[in-house]
Amino acid sequence: MAVRIRLTRMGRIHRPFYRIGAFDGQTRRDGACLEYLGTYDPMETTGQRVKMDKERIEAWLARGALPSETVASFLRAALSAREGRD
């Protein structure tokens with residue numbers, strides 16, 4: 001079973017909201033999730049747009065899950081922010 005870490009759309013018309021989740025590779029975009037790992041709110045202007053459970057994401061990556069391009073960019077941004085603080 002190939003697992004992908006990707007987004008699933010929530011929200012309403014003209015107000016998107018996404019959940020980051022671990023999905024079987026054959027699952028449709030809004031299909032059943034194995035585990036939800038965070039959220040992404042592209043409309044957020046004052047706070048944090050991306051919230052992730054980094055420990056659970058690292059656990060899924062260690063098991064061989066592959067992130068989508070968008071989730072990979074979120075992970076790169078989180079890694080560079082963490083390195084910038086240290």
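**Rings, charges and two loop residues**

The charged end of Arg6 is parked over the ring of Phe23, 4.2 Å from the ring's centre. Keep in mind that this is a predicted model. Besides that Arg6 contact with a ring, there's an aromatic cluster made of Tyr18, Tyr40 and Phe74, plus a couple of loop residues, Ser68 and His14, to look at.

**Charges over rings**

- Arg6 has its charged end over Phe23, as mentioned above.
- Arg19 does something along those lines with Tyr36, lying over the face of the ring at 4.7 Å from its centre.

**The aromatic cluster**

- If you search the whole structure for aromatic pairs, you find two.
- One of them is Tyr18 with Tyr40, a stacked pair with 5.9 Å centre to centre and 25° between the planes.
- That pair ties together distant parts of the chain: Tyr18 belongs to strand S2 (residues 15-24) and Tyr40 to strand S3 (residues 35-40), with the two 22 residues apart.
- Are Tyr18 and Tyr40 buried or exposed? Both are buried.
- Tyr40 also pairs with Phe74, this time in a tilted arrangement, with centres 4.8 Å apart and planes at 45°.
- Here too the link is between distant parts of the chain, from Tyr40 in strand S3 to Phe74 in helix H2, 34 residues apart.
- Tyr40 counts as buried because its relative accessible area is 16%, which falls under the 20% cut-off.
- Phe74 comes in at 13% relative accessible area, so it is buried as well.
- Put together, Tyr18, Tyr40 and Phe74 make one aromatic cluster.

**Ser68, a buried loop residue**

- Ser68 sits in the loop between strand S5 (66-67) and helix H2 (69-85).
- Despite the loop address, Ser68 counts as buried because its relative accessibility is 15%.
- What does Ser68 touch, leaving aside residues up to four places away in sequence? Its contacts are Arg4, Ile5 and Arg6, and Arg6 is the residue whose charged end sits over Phe23.
- From Ser68 to Gly31 you count 37 residues in sequence, and the C-alpha to C-alpha distance is 16 Å.

**His14, an exposed loop residue**

- His14 is found in the loop between strand S1 (3-12) and S2.
- Why does His14 count as exposed? Its relative accessibility is 72%, and the cut-off for exposed is over 50%.
- The backbone deserves a look too: phi of His14 is near 65°, a positive value in a residue other than glycine.
- For context, most residues other than glycine have a negative phi.

Terms used: Residues numbered from 1 in each chain as written. Predicted model: local features only at pLDDT ≥ 70, side-chain atom pairs only at ≥ 80, totals over all residues. Heavy atoms only, no water. Helix = DSSP H or I, 4+ residues; strand = E, 2+ residues; numbered from the N terminus. Buried < 20%, exposed > 50% of the residue type's maximum accessible area, 1.4 Å probe, protein only. Contact = heavy atoms within 4.5 Å. Phe/Tyr/Trp six-rings, centres within 6.5 Å; stacked < 30°, edge-to-face > 60°. Lys NZ or Arg CZ within 6 Å of the ring centre and 35° of its normal.
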